[in-house]
Amino acid sequence: MNICENYAALLDLYIDGELSVAEMEDVQQHLAVCPACQAYVDDAFAIRAAFPDVEDTVLPEDFSAGVMAAIANASRAARPRRSQKRSWTRIIAPLAACCAIVLFVQNTNGSKKDAPMAAGSSSSTTSTSVAYSAASASDDAMAGGMMKSEAPESMVTMDSAMMETACDQKSASSDGTAATEPAMRGGILCLSPEQAEAHLSGHDAVENEDGILCYTLSAEDYTALLNALEQTEDERNVISDTGALPADYVLVYQAD
Amino acid sequence: MNDLQEQNWIAAAASGDQEAFAQLVHMYEKKVYALTLRMCKNPEDAAEAAQEAFLSAWQALPFFRQEAQFSTWLYRLASNACVDLLRREKRHRVNAAVSLDDEDVTLDFADDNALQPHAEAERSELRAQIEEGLQSLSEEHRAVLVLREMHQLSYDEIADTLDLDVGTVKSRISRARGQLRKYLLKNGNFSPPAASKETEREGR
C-alpha cells in the first residue's frame with residue numbers, strides 16, 4: 001500500500017511536529033480514513049520508539065580523558081595557534097620554504113655574508129637569527145628539537161609550529177601590518193564554505209592532498225577579498241588560525 | 001543542567017579554561033559519539049571523529065558566536081569530522097571490492113521471523129535492524145534522520161547543523177524515513193505488528 005500523493009509531503013512533517021494546528025487536524029482527519037497513510041505514520045512512530053538512544057551509547061573507555069589529553073597537548077604550544085592536524089604541516093612546509101628563502105636572501109643581501117650558518121648563535125643582527133630565536137623562545141615544544149646552528153634550508157623539515165612562528169616574524173618585520181591583522185597570516189586566509197561560496201565563486205581552486213581547497217589570488221584580488229570580508233559581518237568568521245581549520249574550510253593564498 | 005551553567009562553561013573555555021571545557025566534553029560526549037558512530041563505519045573511526053570534533057571546538061571556541069547554539073555547532077563539527085574522515089578513507093581505499101557494510105545490507109533476515117514474545121526483546125531486535133537499516137542509507141540521509149530521532153533536533157536546527165536549507169532537510173528526512181521503513185519491511189518483522197506498537201515517544 002502506498003501513501004497518498006496529496007499527503008506524502010505532510011506526513012513526515014506531521015510525525016515531526018512541524019505542522020500548524022490546522023494542518024495537523026487536516027492530516028488527522030485523513031489518517032482516520034486512509035489505512036496506508038496511517039500505517040506509514042504508525043511505522044514512523046514505531047521506528048522512533050525503537051530508535052537507538054543517545055543514553056545507550058557506550059563510549060570508548062577514557063574517551064573524555066583522551067580528548068582532554070589531546071587538548072592539553074595542543075594547548076601546550078599556545079592555543080589557538082596550533083593543532084594536531086597533520087594536514088597543516090604539509091600546507092605550511094612549502095610556505096616555510098619560502099620564508100627560509102626570503103630570510104636567506106635578506107640575510108645574504110643585508111649582511112653580505114655568504115652563508116648564515118651561525119644564525120642565532122652570535123650574529124644576532126641578521127634577520128634569520130631574529131626569526132629563529134623568537135620562534136624558539138615562544139615555542140617550548142620545539143625548543144629542544146631545533147638546533148640554532150642549523151642552516152636555514154633545514155626549516156623545510158621543521159615542525160609546523162616553528163614555521164608558523166618564523167613566518168609571522170618575517171611578515172611582521174617586512175610590512176609591519178600582517179601581525180596585527182587577525183584575518184591575515186603571511187598572506188593566507190581561511191574561509192568558511194559559505195564565505196568561499198560568497199566571495200570566491202569566480203576563482204579556480206586546487207584541492208591539496210588533504211582535500212582542502214586552496215585558492216591563489218593575485219595581490220589585487222586578495223586585497224579586494226580582504227576588503228569584502230571587512231565590509232560584511234562575515235568578517236568575524238575569518239579564522240586567524242589555519243591550524244584550527246574545520247572541515248570544508250578553504251585556504252586562500254596571496255600570489256607573489 | 002541549566003543553560004546559564006553551560007554558558008559560563010562556554011565563556012570560560014573560550015578564554016582557555018580547560019576545566020570548563022572538560023565539563024562541556026562530559027556534557028556532550030555521548031551525543032557527539034552517538035552521532036559519529038552512525039556516521040562512521042566503525043567505532044574506531046567514530047571515536048577519532050568525535051575527538052576531532054572536540055578538538056576543533058576547543059580551538060575554534062574563541063571564534064564561536066554566542067548567538068549560535070553550542071550543541072548544534074558541536075554536532076556540525078562532528079558531522080564535518082565524519083565527512084572528512086570518510087573522504088580521507090575513500091581516497092586511501094584501494095578498490096576494495098565490496099565493503100563489509102554492503103554485505104550486511106543484503107543479509108536476509110527471513111529466518112529471524114520467529115517473533116520473540118517479549119515486547120522488550122522485540123523492540124531491541126527492531127533497534128538492531130534500525131541500526132543496520134541506517135547503514136544502508138546514504139551519509140546525508142543517515143545524518144538528518146539521526147539528528148532528528150536521536151538528538152531530537154527540529155528541522156530548523158538540523159538545517160543549521162548541516163548547513164542546509166529547511167526544504168532540503170524536509171525532503172531528506174522524508175526520503176530517509178521512507179527508505180528505512182522500506183528496509184525494515186523488506187527484512188522481516190516490521191509490518192503488521194508495527195501498527196499496534198507503542199507510540200511512547202510521539203511528539204517531542
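**Exercise 1. Which residues of H1(A) are buried?**

Solution. The structure is a predicted model, and in it helix H1 of chain A covers residues 5-15. The buried residues in H1(A) are Tyr7(A), Leu10(A), Leu11(A), Asp12(A), Leu13(A), Tyr14(A) and Ile15(A). The next step is to look for what covers them, and the cover includes helix H2 (21-33) and H3 of chain A, together with H8 and H9 of chain B. Just after the helix, Gly17(A) takes a positive phi of about 65 degrees.

**Exercise 2. Describe how H1(A) meets H9(B), from the axes to the residues.**

Solution. Two packed helices are described by the angle between their axes and the distance between those axes. Helix H9 of chain B spans residues 166-186, and its axis comes within 10 Å of the axis of H1(A), with a crossing angle of roughly 90 degrees. Because angles of 65 to 115 degrees count as roughly perpendicular, H1(A) is roughly perpendicular to H9(B). At the level of residues, Asp12(A), Leu13(A) and Ile15(A) meet Lys170(B), Ile173(B), Ser174(B) and Arg177(B). Sorted by class, this contact has 3 nonpolar, 1 polar and 3 charged residues.

**Exercise 3. Find the residues that touch the most other members of the largest nonpolar core, and follow one of them into its surroundings.**

Solution. In soluble globular proteins, nonpolar side chains tend to be buried together. The largest nonpolar core has 84 residues, and the members that touch the most others are Phe51(A), Phe21(B), Phe54(B), Phe70(B) and Ile130(B). Helix H2 of chain B, residues 18-39, supplies the largest share of this core, with 11 residues. To follow Phe70(B), set aside its neighbours within four places in sequence; its remaining contacts are Glu6(B), Ile10(B), Leu24(B), Tyr28(B), Leu61(B) and Phe64(B). A second, separate core holds 12 residues, among them Ala196(A), Leu200(A), Leu217(A) and Leu226(A).

**Exercise 4. Trace the contacts of His203(A).**

Solution. Begin with its place in the chain: His203(A) lies in the loop between helix H9 (193-199) and strand E2 (205-207) of chain A. With a relative accessible area of 28%, His203(A) is partly exposed. Beyond neighbours within four places in sequence, His203(A) is in contact with Tyr215(A), Leu217(A) and Asp221(A). Of these partners, Tyr215(A) is 12 residues away in sequence and 7.2 Å away in space, taken from C-alpha to C-alpha. Another partner, Leu217(A), is included in the second nonpolar core.

**Exercise 5. Examine the positive phi of Asp62(A) and of Asp163(B).**

Solution. Most residues other than glycine have a negative phi. Asp62(A) is not a glycine, yet its phi is positive, at about 60 degrees. Asp62(A) sits in the loop between helix H3 (35-50) and helix H4 (63-76) of chain A, and is exposed, with a relative accessible area of 58%. Asp163(B) likewise has a positive phi of about 60 degrees without being a glycine. Its place is in the loop between helix H8 (155-162) and H9 of chain B, and Asp163(B) is partly exposed, with a relative accessible area of 41%.

**Exercise 6. Summarise the fold of chain B.**

Solution. Chain B has 9 helices and 0 strands, and along the sequence they follow the pattern α-α-α-α-α-α-α-α-α. Of its 204 residues, 47% count as buried. Among the contacts in chain B that join residues at least 6 apart in sequence, 65% link residues at least 24 apart.

**Exercise 7. Decide where the model calls for caution.**

Solution. Where pLDDT is low, the predicted coordinates should not be read in detail. Chain A averages a pLDDT of 65, and 49% of its residues score at least 70. Among the elements of chain A, helix H7 (residues 140-143) has the lowest mean pLDDT, 34, and H2(A) has the highest, 94. In residues 79-86 of chain A the pLDDT is below 50, although this stretch has 36 contacts beyond near neighbours in sequence. Residues 233-237 of chain A also stay under 50, with 8 contacts beyond four places in sequence.

For chain B the average pLDDT is 81, and 78% of the residues score at least 70. Residues 94-116 of chain B have a pLDDT below 50 and 20 contacts beyond near neighbours in sequence, while residues 192-204 of chain B, also below 50, have 28 such contacts. For the complex, the predictor gives an ipTM of 0.73 and a pTM of 0.53.

Terms used. Residues numbered from 1 in each chain as written. Chains lettered and ligands numbered in written order. Predicted model: local features only at pLDDT ≥ 70, side-chain atom pairs only at ≥ 80, totals over all residues. Heavy atoms only, no water. Axes fitted to C-alpha atoms, helices over the stretch in contact; angles between N-to-C directions. Helix = DSSP H or I, 4+ residues; strand = E, 2+ residues; numbered from the N terminus. Parallel < 35°, antiparallel > 145°, perpendicular 65-115°, else oblique. Contact = heavy atoms within 4.5 Å. Nonpolar A, V, L, I, M, F, W, Y, C, P; charged D, E, K, R; others polar. pLDDT = per-residue confidence, 0-100. Core = buried A, V, L, I, M, F, W, Y, C linked by side-chain atoms within 4.5 Å. Buried < 20%, exposed > 50% of the residue type's maximum accessible area, 1.4 Å probe, protein only.
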